[in-house]
Amino acid sequence: MAFNINVVNYNERRTIRSTKIALYDLVKEEDLEKFYAVKVNNRLRELTYEIHYDSTIEFLDLNDSDACSVFERSLRYLFCMAVYELYPELHFRLSYSVSRSILVSPLTIDEFTTEMLTAIKNKMDELIALNLDIVREIV
C-alpha cells in the first residue's frame with residue numbers, strides 16, 4: 001500500500017510505501033525539539049499520530065497558538081504528575097489568572113511552601129529526563 005504526503009514545512013512531497021507512518025518519523029533530526037504538534041489536513045494531531053492516507057502535513061512550533069496550547073497542557077499534566085507522586089493527598093485547582101499564565105490554588109492546604117515548590121520542580125525535571133510518552137487513552 002502507498003499514500004502521498006505533502007510536508008508544508010519542508011516544501012516536500014513524498015510517497016510513503018508502507019501501511020502507515022508516525023508523524024514524528026517525518027521530522028528532520030535537527031527539528032525534533034522544535035515542533036510540538038502537527039496539523040494533518042488542517043486537523044490538530046499529536047506527533048505520535050500515525051497516518052495511512054494522503055495528507056497535507058504542517059508541523060507546528062511555538063509561533064503557532066495551537067502548539068502553544070499543546071505545550072501548556074503538557075506542562076500542566078507534568079505538574080499534576082509531579083504533585084501526585086510527591087503529595088497524593090494534595091488537591092489543587094489550575095486556572096488562568098492573567099494572560100499566558102496559570103494560577104495553581106491549593107485546596108487542601110493553605111499555601112505551597114518553598115520546599116514543596118522546589119520538590120515539585122525537581123520531580124518535574126526528573127520526569128522530563130525520563131522522556132516518557134504521553135499516551136491518550138479513552139476512559
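A salt bridge is taken here as a side-chain nitrogen of Lys or Arg within 4 Å of a carboxyl oxygen of Asp or Glu. On this criterion, a search of the whole structure, which is a predicted model, finds six salt bridges. Side chains of opposite charge can pair when their charged atoms come close.

In the salt bridge between Arg-14 and Glu-12, the closest N and O atoms are 2.9 Å apart. Arg-14 is partly exposed, with a relative accessible area of 33%, and Glu-12, at 21% relative accessibility, is also counted as partly exposed. A further salt bridge joins Glu-50 to Lys-20, with 3.2 Å between the closest N and O atoms. This pair links distant parts of the chain, since Glu-50 belongs to strand β6 (residues 50-51) while Lys-20 is located in the loop between β2 (12-16) and β3 (21-22), 30 residues apart. Both partners are partly exposed, Glu-50 at 38% relative accessibility and Lys-20 with a relative accessible area of 45%.

Helix α2 contains a salt bridge of its own, in which Asp-125 and Lys-121 lie four residues apart, about one turn of the helix, and in which the closest N and O atoms are separated by 2.5 Å. For Asp-125 the relative accessible area is 35%, which places the residue in the partly exposed class, and Lys-121, at 48% relative accessibility, is likewise counted as partly exposed. In addition, Glu-85, Lys-123 and Glu-126 are joined into one network by salt bridges that share partners.

Aromatic side chains provide another set of contacts, and the structure holds four aromatic pairs. One of them is formed by Tyr-10 and Phe-59, whose rings are tilted, with 6.4 Å from centre to centre and 45 degrees between the planes. Tyr-10 lies in the loop between β1 (3-7) and β2, whereas Phe-59 lies in strand β7, so the pair ties together parts that are 49 residues apart in sequence. Both Tyr-10 and Phe-59 are buried. In the pair formed by Tyr-36 and Phe-71, the ring centres are 5.1 Å apart and the planes stand at 75 degrees, so the arrangement is edge-to-face. Because Tyr-36 lies in the loop between β3 and β4 and Phe-71 in helix α1, this pair ties together parts that are 35 residues apart in sequence. Tyr-36 is partly exposed, with a relative accessible area of 28%, as is Phe-71, at 30% relative accessibility.

Ring pairs also link Tyr-10, Phe-35 and Phe-59 into a cluster. Tyr-10 takes part in a contact with a charged residue as well, for Lys-28 lies over the face of its ring, at 4.4 Å from the ring centre. A comparable placement is found for Arg-45, the charged end of which sits over the ring of Tyr-49, 4.1 Å from its centre.

Helix α1, to which Phe-71 belongs, spans residues 65-86 and has 22 residues. From its first C-alpha to its last the helix reaches 32 Å, close to the 32 Å expected at 1.5 Å a residue. The buried residues of α1 are Ala-67, Cys-68, Val-70, Glu-72, Arg-76, Leu-78, Phe-79, Ala-82 and Val-83, a set that includes the charged residues Glu-72 and Arg-76. The elements that cover these buried residues include the strands β4 (37-40), β5 (43-45), β7 (55-60), β8 (92-96) and β9 (102-106), together with helix α2 (114-130).

At the start of α1, a side-chain oxygen of Asp-64 reaches to within 2.8 Å of the backbone nitrogen of Asp-66. Asp-66, which is found in helix α1, is partly exposed, with a relative accessible area of 28%. When its neighbours within four places in sequence are left aside, Asp-66 is in contact with Lys-39, Leu-44 and Leu-60. The C-alpha atom of Asp-66 is also separated by 7.7 Å from that of Ala-37, although the two residues are 29 residues apart along the chain.

Methods
Residues numbered from 1 in each chain as written. Predicted model: local features only at pLDDT ≥ 70, side-chain atom pairs only at ≥ 80, totals over all residues. Heavy atoms only, no water. Helix = DSSP H or I, 4+ residues; strand = E, 2+ residues; numbered from the N terminus. Expected span 1.5 Å × (residues − 1). Buried < 20%, exposed > 50% of the residue type's maximum accessible area, 1.4 Å probe, protein only. Contact = heavy atoms within 4.5 Å. Polar contact = N/O pair within 3.5 Å; in protein donor to acceptor, adjacent residues only side chain to side chain. Phe/Tyr/Trp six-rings, centres within 6.5 Å; stacked < 30°, edge-to-face > 60°. Lys NZ or Arg CZ within 6 Å of the ring centre and 35° of its normal.
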